[in-house]
Each structure stands twice: as C-alpha cells, then as structure tokens.
Amino acid sequence: MMYPKITKVAKYLPQKTVTNDELSKIMDTSDDWIQSRTGIKERHIALDESTSDLAFEVAKKLVEDRDVSSIDFIIVATMTSEYGTPSTACLVQGKLGAQQAFAFDVSAACSGFVYALSVAEKLMQSGIYQKGLVIGAEKMSSVLNWQDRRTAVLFGDGAAGVLLENTAATSHFLGERLASDGTRGSSLTTRQNTKEFPNISQKTEDAEFLTMDGKKIFDFVVRDVAKQMKLMLTDIEEKNLVLDYVLPHQANERLLDALSKKTKIPREHFLANVAHYGNTSGASIPLLLADMIDEGTLNFGSGQIVLLTGFGGGLTWGNLLIKL
Ligand code: ACO
C-alpha cells in the first residue's frame, strides 16, 4: 500500500503591493498602529485578477512537470469565491484542462486549507485516487469594506497550494484534530445573502462586507485553538515524535505570541510571513509552506515534523501533523 504525501508546493501573489503608509493615505490609520498590533508591513492586492485566476496560476505551477490528465481531483479552500456556483475549484479545473479531475471548494475560512488537506488525504487513502491538488486562494480585497480601518488593514490577496501523490511507503499524515462552533459564527462574517422573496431587496452594506469582532476572535484563538494544540502536543509525545515547527494561520504576530505563551511551544518554532502578505485566510498556511521551502527552513524528504494550525470564521479550527 502507498500513502499520500506532499510532493510539491507553489504560490502566486498578485503583482501590486500596498504598504501601511499607502493605506494611511486612504483611511485614518498608521504604519505604527498596524505594525505594533499585527506585525503586518504590506500586503498584495489583486486588481484585475479573480480568486480562480490566482488559484489557476498555482495549479499551473503544480502540474507543470506532470501529465495534467493524471490529476484526480482539485480542492480549493476559499471564502472569496467569485460565484456561489460554479466553485472556484471547477473554474480552475476548466482553465487547467484537467478533464479527469473532479473539483470542489471547501468553505472553512482561515481553517480552509487544513480542512481541505484533511479531506484530500482521506480521498487518497481510499486508494481510488493517486494525485490531487489542494489550493488555498483568496481575494480578500473583494469582501473588505475599505472605509473600515478595523478590518481593511488586516488582510491581503494571494494563493498557494500543494500536489499530493500516493507515493510514500509510510504514512506522512501523523495525526489531526478538527473542530467547529457555529454558535459563535457571528464573530466573523461576509456576504450575508439578504435577498428575500417577494421583495428582492438590496444587500445592506454591513451584510455585504467582512465584519469581525476582533476581541472575540482573539479570545477564541487563545482559548480554543491553544487547547487543541496542547492536545496535539500530547498526541505527539505519545507517538514519540519531536515537533520541529508550527505553521500557523497567519492572522497576526500578536496572536502567535499568545499561542506560544499558552502552549509553551517556543516562539521561534512558530514560522511566520504575515509581515509581507497580511492575513490571506485560506491561502496563508500554504503560502508559509512555500516560503519556508524556498528559503530552506523546511525541506521535502527531510522527515521534519510540522504542525499545520488553522483557525478562523465559522468558527472553525484544526491541526494537522505532517512529516515532510
Ligand atoms: N488604525 C488606527 N487605529 C485603529 C485601527 C487602525 N487600522 N483599527 C482600530 N483602531 C483603533 C480603534 O478604533 C480603537 O480606538 P478607540 O480606543 O479610540 O476606540 C483602538 O484602535 C483600539 O482598538 P482595538 O480594536 O481595541 O484594538 P486591538 O488592540 O484589540 O487590536 C486587532 C485589534 C488587531 C484586530 C486585535 O483585536 C486582534 O488581533 N484580533 C484578532 C483578530 C484577527 O486577527 N482577525 C483576523 C481575521 S480572523 C482570523 O484570521 C482568525
């Protein structure tokens, strides 16, 4: 029996970058406020590209040295798909010409990539499928209220993803815990559909844009996500493994400080690149993986043990333990 493993990672960022100073020209904010609260310095913004365009650029890189007809499935994690239907994954499948692949989106906000990778691994484990793409892609700029400084400064656009192949002799997916709490869903929302029969009313501004209760999200991460990470640490110990790095969702640096303090995992084990991208939601963890592979901190085939930690709207959260 062969097991699935990540054999490749790729990223794509829209060309335009927007610095904090540039934002301070269009809203009442400052580089100092944004950096001290979040660690973010700049973010990429897609001007004439859609979410599926960003995801497609990643998909092309993932399959460039493979036969596109060998791809069995494409999963895209996104909270900013351009349509209700077709899904972003179907748009990517069409653009790629991956005719043998089935495609669907996973909607779990900033946990989307972790959820999608978990689902993909189960598909591969079935033995029915041999190759799949799992991509996180977001055009967060399309759901932000650019009049609202409390949220607009936090996010960015981008995409990244991985190729999964059933080629490992031993398991590379070593453990997972996924959780959701819909009762706290109102802490972070986008695009509430307010149209009702028979009065097809316009959406209100508040319903259309991203809304967030920053303090509630902060508390959720420090309490629930930290608790799940600690359970993972117990799992890791019981399996006699040693954790090399955490690849956390990149919301902001202060959250990572808080998670480190709460879990007692040393801060230097939490990898980060939020300074250059802002919070790219479902794209943030694969973007981090791509950067860390590029700079040589992580290497495929090294046997390094990493914890992918996602958390976000839904509420959703999850941890995946992976051997590279
Ligand atoms: N520039 C300048 N001032 C601002 C800005 C801004 N961009 N945004 C808010 N302020 C002001 C507020 O109006 C407030 O002013 P007031 O005291 O006069 O009312 C003041 O700064 C403090 O505001 P707070 O909301 O209390 O700021 P806080 O220190 O809590 O930081 C933050 C806000 C960064 C959002 C914090 O709550 C946080 O990190 N929350 C986690 C949420 C998060 O990262 N969400 C990302 C999406 S969800 C996810 O990915 C999981």
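## Ligand shell and backbone features of a predicted model

According to the UniProt record, an unreviewed entry, residues 243-323 carry the annotation "domain: Beta-ketoacyl-[acyl-carrier-protein] synthase III C-terminal". The structure discussed here is a predicted model, and within it the stretch 243-323 is 33% helix and 25% strand, with its end C-alpha atoms 10 Å apart.

### The ligand and its surroundings

The ligand sits in the largest pocket, where 22 residues surround it, the closest being Thr29, Lys215, His249, Asn252 and Asn279. By residue class, the shell around the ligand divides into 10 nonpolar, six polar and six charged residues. Several elements of secondary structure contribute to this shell: α2 (31-38), α6 (149-152), α8 (214-238) and β12 (305-312) each supply at least two of its residues, and the largest share, four residues, comes from α8.

Three side chains place a polar atom at a short listed distance from an oxygen atom of the ligand, as the table sets out.

| Residue | Partner | Distance |
|---|---|---|
| Arg37 | oxygen atom of the ligand | 2.9 Å |
| Arg149 | oxygen atom of the ligand | 3.0 Å |
| His249 | oxygen atom of the ligand | 2.8 Å |

Taken alone, the ligand exposes 1000 Å², and the protein buries 75% of that area. His249 thus appears both among the residues closest to the ligand and among those with a polar side-chain atom facing a ligand oxygen in the table.

### Backbone features in the loops

Most residues other than glycine have a negative phi, and most peptide bonds are trans. Against that background, three places in the backbone of this model deserve a careful look.

The peptide bond from Thr85 to Pro86 is cis, with omega near 5°, and Pro86 belongs to the loop that runs between β4 (73-77) and α4 (88-96). A further cis peptide bond joins Gly314 to Leu315, here with omega near -10°; Leu315 lies in the loop between β12 and β13 (316-323), and β12 is also one of the elements that supply at least two residues of the ligand shell.

The remaining place is Asn240, a residue other than glycine whose phi is positive, near 55°. Asn240 is found in the loop between α8 and β11 (245-248), and α8 is the helix from which the largest share of the shell around the ligand comes.

Conventions
Residues numbered from 1 in each chain as written. Predicted model: local features only at pLDDT ≥ 70, side-chain atom pairs only at ≥ 80, totals over all residues. Heavy atoms only, no water. UniProt positions renumbered as here; feature names shortened; annotations may be inferred. Near = heavy atom within 4 Å. Polar contact = N/O pair within 3.5 Å; in protein donor to acceptor, adjacent residues only side chain to side chain. Areas by Shrake-Rupley, 256 points an atom, 1.4 Å probe, with all protein chains shown as cover. 1 Å grid on protein atoms, 1.4 Å probe; cavity = no way out; pocket = protein on both sides within 12 Å on 5 of 7 lines; lining within 4 Å. Sits in = over half its atoms within 2 Å of the grid points. Nonpolar A, V, L, I, M, F, W, Y, C, P; charged D, E, K, R; others polar.
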